[in-house]
Amino acid sequence: MANLLFALAAYLIGSVSFAVVVSRAMRLPDPHTYGSGNPGATNVLRTGNKKAALLTLLGDGLKGWLAVWLAQRFGPDHGLDQTGLALVVIAVFLGHLFPVFHRFAGGKGVATAAGILFAIHPWLGLGTLATWLIIAFFFRYSSLAALVSALFAPFFYVLMFGPNVVAAAIAAMSVLLIVRHRQNIAKLLAGQESRIGEKKKMG
C-alpha cells in the first residue's frame with residue numbers, strides 16, 4: 001500500500017507543469033499555443049523571457065527531485081521498498097509527461113529526469129549532467145545532448161549500484177524521454193534541428 005500511495009503522490013507532484021504555472025503568473029501565452037507546443041523551459045524561452053524559462057527549468061527539475069527525496073526520506077518508515085522507489089521514479093516522470101492538471105499534455109521530461117537523478121544520488125545527476133554539457137558543447141544540439149544523456153543514465157546507475165529495479169525504472173524513463181523526442185530525432189536526421197543559440201520564432 002505504501003508503494004502505491006507514494007507513487008500516487010509522486011504522480012500528482014509531477015503533474016504540476018511549471019511552464020504553465022510560470023506563464024500564467026507572468027502573464028505570458030500558454031506554452032501549448034506557440035513554438036513547439038511543448039510546455040518546457042526551451043519553449044517558454046521563445047517568448048524572450050529568460051526569467052520565466054529559468055523558473056520553468058528549476059521548477060520542473062525540483063519537482064522530480066522532491067518526489068524522489070520524499071520517498072527516500074520518509075518512505076522506509078512507512079514500508080516503502082526499492083520497488084516502491086522505482087514506482088516513484090516512473091510516477092513523477094509520467095506526471096510530467098501526462099499531467100492530470102493540464103489535460104495530460106505535458107513536456108518532454110529533461111529537467112524532471114535530471115531532478116530525479118540528482119535525488120537518487122548527486123554523483124548520478126552530475127555524471128549525466130556532464131554528459132549533456134559535453135555533447136551540447138561539441139555538437140550544439142540540446143535535443144541530441146538530452147538523448148545521449150538519457151542513454152547513459154541507466155549505465156551510470158548500474159556502474160554505481162549494480163542492476164536492480166531502480167535501474168530498470170531509470171531505463172524505462174530514458175526510453176520514454178527518447179520517445180518524447182521522436183520529432184527532434186527526425187529533425188536531427190534531416191539536418192533541420194535548431195542549434196543552441198539560434199533564435200527561434202514564435203508561431
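Where is Pro76 found? In this predicted model, Pro76 sits in the loop between H4 and H5. With a relative accessibility of 53%, Pro76 passes the 50% mark and therefore counts as exposed. A partner from far along the chain also comes into view here: Pro76 and Ala2 are 74 residues apart in sequence, yet their C-alpha atoms are 9.2 Å apart in space.

The helix before this loop, H4, is a good place to begin the tour. Helix H4 covers residues 50–74, which makes 25 residues. At 1.5 Å a residue, such a helix should span 36 Å, and the end C-alpha atoms of H4 are 35 Å apart, so the expected and computed spans agree. At the start of H4, the backbone nitrogen of Lys51 has a side-chain oxygen of Asn49 within 3.2 Å.

Many residues of H4 are hidden from solvent, and a look at their names is instructive. The buried set includes small residues such as Ala52, Ala53, Gly59, Gly61, Gly64, Ala67 and Ala71. Thr56, Asp60, Lys63 and Val68 are buried in H4 as well. These buried residues pack against five helices, namely H1 (2–14), H2 (18–25), H3 (41–45), H5 (82–97) and H6 (110–120).

One of the buried residues of H4, Val68, leads straight into the protein's interior. In soluble globular proteins, nonpolar side chains tend to be buried together. Here, the largest nonpolar core holds 33 residues, and those with the most contacts inside it are Val68, Ile116, Ile120, Ile170 and Met173. Two or more residues each are given to this core by H1, H4, H5, H6, H8 (142–161) and H9 (165–180). The largest share, nine residues, comes from H5. Once neighbours within four places in sequence are set aside, Val68 is in contact with Leu85, Val88, Val89, Ile116, Ala119 and Ile120. Another core lies apart from the largest one; this core has six residues, among them Ala19, Tyr34, Ala52 and Ala53.

Three of the contacts of Val68, namely Ile116, Ala119 and Ile120, are also found among the buried residues of H6. Helix H6 is mostly covered, with eight of its 11 residues buried. Besides those three, the buried residues of H6 are Ala111, Thr112, Ala113, Gly115 and Leu117. Together, the buried residues of H6 pack against H4, H5, H7, H8 and H9.

How do H8 and H9 run relative to each other, roughly parallel or roughly antiparallel? Two packed helices are described by the angle between their axes and the distance between the axes. For H8 and H9, the axes come within 9 Å and cross at roughly 175 degrees. That angle is over 145 degrees, so the two helices are roughly antiparallel to each other. On the H8 side, the residues that meet H9 are Ala146, Leu147, Ala150, Leu151, Ala153, Pro154, Tyr157 and Val158. Their counterparts in H9 are Val166, Ala167, Ile170, Ala171, Ser174, Leu177 and Ile178.

Helix H8 also contains Ser143, which counts as buried because its relative accessibility is 6%. A polar contact of 2.6 Å joins the side chains of Ser143 and Glu193. Beyond its neighbours within four places in sequence, Ser143 is in contact with His181, Asn184, Leu188 and Glu193. The C-alpha atoms of Ser143 and Lys108 are separated by 10 Å, although these residues are 35 apart along the chain. His181, for its part, lies in the loop between H9 and H10 (182–190). At 4% relative accessibility, His181 counts as buried. Leaving aside neighbours within four places in sequence, His181 is in contact with Lys108, Val110, Ser143, Ala146 and Leu147.

Two arginines in loops bring the backbone into focus. Most residues other than glycine have a negative phi. Arg103, however, has a positive phi, near 55 degrees. This residue lies in the loop between H5 and H6, and at a relative accessible area of 80% Arg103 is exposed. Arg140 likewise has a positive phi, of about 65 degrees, although it is not a glycine. Arg140 is placed in the loop between H7 (122–139) and H8. At 36% relative accessibility, Arg140 counts as partly exposed.

Key. Residues are numbered from 1 along each chain as its sequence is written. This is a predicted model: local features need pLDDT of at least 70, side-chain atom pairs count only at pLDDT 80 or more; totals for chains, interfaces and linings use all residues. Side-chain values use heavy atoms; hydrogens and water are left out. Helices (H or I, at least four residues) and strands (E, at least two) are DSSP runs, numbered from the N terminus. The expected span of a helix is 1.5 Å times one less than its number of residues. Buried means under 20% relative accessible area, exposed over 50%, partly exposed in between (1.4 Å probe, protein chains only). Contact means heavy atoms within 4.5 Å. A polar contact is a pair of N or O atoms within 3.5 Å; within protein, one must be able to donate a hydrogen and the other to accept it, and residues adjacent in sequence count only if both atoms are side-chain atoms. A nonpolar core is a set of buried Ala, Val, Leu, Ile, Met, Phe, Trp, Tyr and Cys residues joined through side-chain atoms within 4.5 Å. Axes are lines fitted to C-alpha atoms, for helices over the stretch in contact, and angles run from 0 to 180 degrees between N-to-C directions. Angles under 35 degrees count as roughly parallel, over 145 as roughly antiparallel, 65 to 115 as roughly perpendicular and the rest as oblique.
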